[in-house]
Amino acid sequence: MKIGCVKEIKNNEFRVGLTPDNVRAYVAAGHHVYMEKGAGIGSGFADNEYVDAGASLIDNAADVWHLSDMMIKVKEPLPEEYSLFHEGLILYTYLHLAADKEQMDALLDGKVKAVAYETIQEDRFLPCLAPMSQIAGRLSIQEGAKYLEKKFGGEGILLAGVPGTPKANVVILGGGTVGMNACKIAVGMGANVTILDVNLKRLEELDNMFGAHIQTLVSNDSNVERVVKDADLVIGSVLIPGGSTPKLFKKKYLPEMKNGAVFVDVAIDQGGCGESSHVTTHDDPVFIEDGVVHYCVGNMPGAVPRTSTIALTNATLKYGLMIAKDGLEEASKKNAAIYSGVNCYLGKLTNKNVALAHGYDFTELSEMI
Ligand SMILES: NC(=O)c1ccc[n+]([C@@H]2O[C@H](COP(=O)([O-])OP(=O)(O)OC[C@H]3O[C@@H](n4cnc5c(N)ncnc54)[C@H](O)[C@@H]3O)[C@@H](O)[C@H]2O)c1
């Protein structure tokens with residue numbers, strides 16, 4: 001198969017769909033890879049590394065789109081890329097179509113076979129989303145520690161303290177993938193950690209993982225209010241799959257909190273779990289409300305594109321190789337995870353939730369392949 005990879009054009013997006021090691025794997029499997037010049041620079045991969053791995057370097061993105069049977073990206077195509085679609089092209093990337101009707105219409109009109117990383121599902125696990133939650137979780141403590149510094153508006157407390165001084169209190173709302181990874185780093189940095197979740201089974205797992213290093217609490221209004229009052233750093237990491245994020249972190253708590261405490265609302269990409277949250281960017285990541293520093297960046301993994309690219313492609317390579325080997329149709333028949341990833345197929349919507357979100361007809365992929 002002819003595989004293409006272009007430079008991401010979304011603002012502040014430095015990840016890339018293929019690493020040189022990925023290219024080596026596709027080439028070893030007998031495929032041809034076209035890389036746009038400079039596509040990997042933002043993630044620290046030079047053009048010559050791709051050439052050494054066996055890719056053909058192409059000067060401009062339009063030619064890569066034109067030459068490819070399968071385009072491997074990171075972010076959804078932007079409107080300036082829609083005219084580059086061609087019928088039967090396999091597009092393998094994050095799409096988030098439920099929130100993007102314009103893009104969905106463009107993929108349907110272009111008769112693209114669009115496979116969305118975020119809907120690839122193995123059992124109940126989302127293997128191409130999890131690495132980004134792991135990164136965001138770990139990064140949330142790193143960013144929180146930074147904004148606790150005085151010069152960034154924080155109260156000026158070191159997470160671990162030193163002998164003779166109090167440690168910082170870190171409160172984590174939601175103990176899923178983000179929350180567990182935040183917990184790991186906060187514990188590792190020596191903070192006092194409290195983690196809240198509604199799922200008792202999850203709290204038991206966290207208790208078994210971290211033992212005496214953390215306090216687990218059931219998440220309800222009174223527990224949240226009590227712990228955030230003493231918190232130096234609060235991490236928002238709740239998710240109700242397919243539902244709107246509950247606003248656990250209420251505005252009325254802010255005046256009761258320490259001046260210069262930090263709230264990192266990782267869940268902001270789903271609307272956020274803070275009543276006072278609004279989305280921010282890497283260029284301007286924080287704002288202060290009632291003395292509490294709010295960090296609400298919607299694409300946190302973009303801060304560490306090298307790690308994010310490698311983590312993402314570690315997860316996407318496996319399915320990409322299957323699609324390249326068998327074609328999308330056969331690969332979808334053989335592999336339920338790939339089947340669940342197909343959102344659009346030759347002008348039809350094949351993801352039920354996306355169809356529901358836009359009031360469009362849904363077609364079962366198996367009726368067409
Ligand atoms: N900002 C970013 O860059 C970024 C990156 C990755 C993930 N995220 C977001 O982070 C959020 C968490 O993702 P995840 O992968 O950890 O999800 P997850 O499903 O693994 O975990 C969510 C947890 O929230 C818990 N929860 C649900 N309702 C709750 C409540 N009322 N109180 C306390 N806990 C509750 C669930 O039981 C679950 O354990 C999502 O919104 C995700 O989109 C953001």
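## A tour from helix α6 outwards

Start by selecting helices α6 and α7: α6 passes α7 in a right-handed crossing. Keep in mind as you go that this is a predicted model.

**Stop 1: α6 against α7.** For the selection, take residues 130-147 for α6 and residues 177-188 for α7. The two helices pack with their axes 7 Å apart, at an angle of about 40 degrees. That angle makes α6 oblique to α7. Now show the residues that meet. From α6, pick Ala-130, Ser-133, Gln-134, Ala-136, Gly-137, Arg-138, Ser-140, Ile-141 and Gln-142. Their partners on α7 are Thr-177, Val-178, Gly-179, Met-180, Asn-181, Ala-182, Ile-185 and Ala-186. If you colour this contact by class, you will find eight nonpolar, eight polar and one charged residues.

**Stop 2: the ligand.** Next, select the ligand and the residues around it. Which residues come nearest? Of the 31 around the ligand, they are Ser-133, Ala-136, Gly-174, Gly-176 and Ser-219. The elements that each give two or more residues to this shell are α6, α7 and β8, the last of which spans 192-197. Ser-133 and Ala-136 may look familiar, as both also belong to the α6 side of the contact with α7. Coloured by class, the shell around the ligand divides into 16 nonpolar, 12 polar and three charged residues.

**Stop 3: α6 against α10.** Stay with α6, but swap its partner for helix α10, residues 305-334. How do the axes of these two helices cross? They come within 8 Å and cross at roughly 150 degrees, which makes α6 roughly antiparallel to α10. This crossing is right-handed too. On α6, show Pro-131, Met-132 and Ile-135. Facing them in α10 are Thr-307, Ser-308, Ala-311, Leu-312, Asn-314 and Ala-315. Six nonpolar and three polar residues make up this contact, with no charged ones.

**Stop 4: α1 against α10.** Move along to helix α1, residues 20-28, and leave α10 switched on. The axes of the pair come within 11 Å and cross at roughly 20 degrees. α1 and α10 are therefore roughly parallel to each other, and α1 passes α10 in a right-handed crossing. To see the contact, select Asn-22, Ala-25 and Tyr-26 of α1 together with Thr-313, Leu-317, Leu-321 and Ala-324 of α10. By class, five of these residues are nonpolar, two are polar and none is charged.

**Stop 5: the two domains.** Finally, zoom out and colour the chain by its domain assignment. Domain 1 takes in 2-112 and 305-367, while domain 2 covers 130-303. Their C-alpha centres lie 33 Å apart. Where they touch, domain 1 supplies 12 residues and domain 2 supplies nine. Which element gives the largest share of the domain 1 side? Helix α10 does, with seven residues. The residues on that side of domain 1 divide into five nonpolar, five polar and two charged.

Key:
Residues are numbered from 1 along each chain as its sequence is written. This is a predicted model: local features need pLDDT of at least 70, side-chain atom pairs count only at pLDDT 80 or more; totals for chains, interfaces and linings use all residues. Domain bounds come from an automatic or database domain assignment. Two residues are in contact if their C-beta atoms, placed from the backbone, lie within 7 Å. Helices (H or I, at least four residues) and strands (E, at least two) are DSSP runs, numbered from the N terminus. Ala, Val, Leu, Ile, Met, Phe, Trp, Tyr, Cys and Pro count as nonpolar, Asp, Glu, Lys and Arg as charged, and the others, Gly among them, as polar. Axes are lines fitted to C-alpha atoms, for helices over the stretch in contact, and angles run from 0 to 180 degrees between N-to-C directions. Angles under 35 degrees count as roughly parallel, over 145 as roughly antiparallel, 65 to 115 as roughly perpendicular and the rest as oblique. A crossing is left-handed if the near helix is turned anticlockwise from the far one by less than a right angle, and right-handed if clockwise. A residue is near a molecule or strand if its C-beta atom, placed from the backbone, lies within 6 Å of it.
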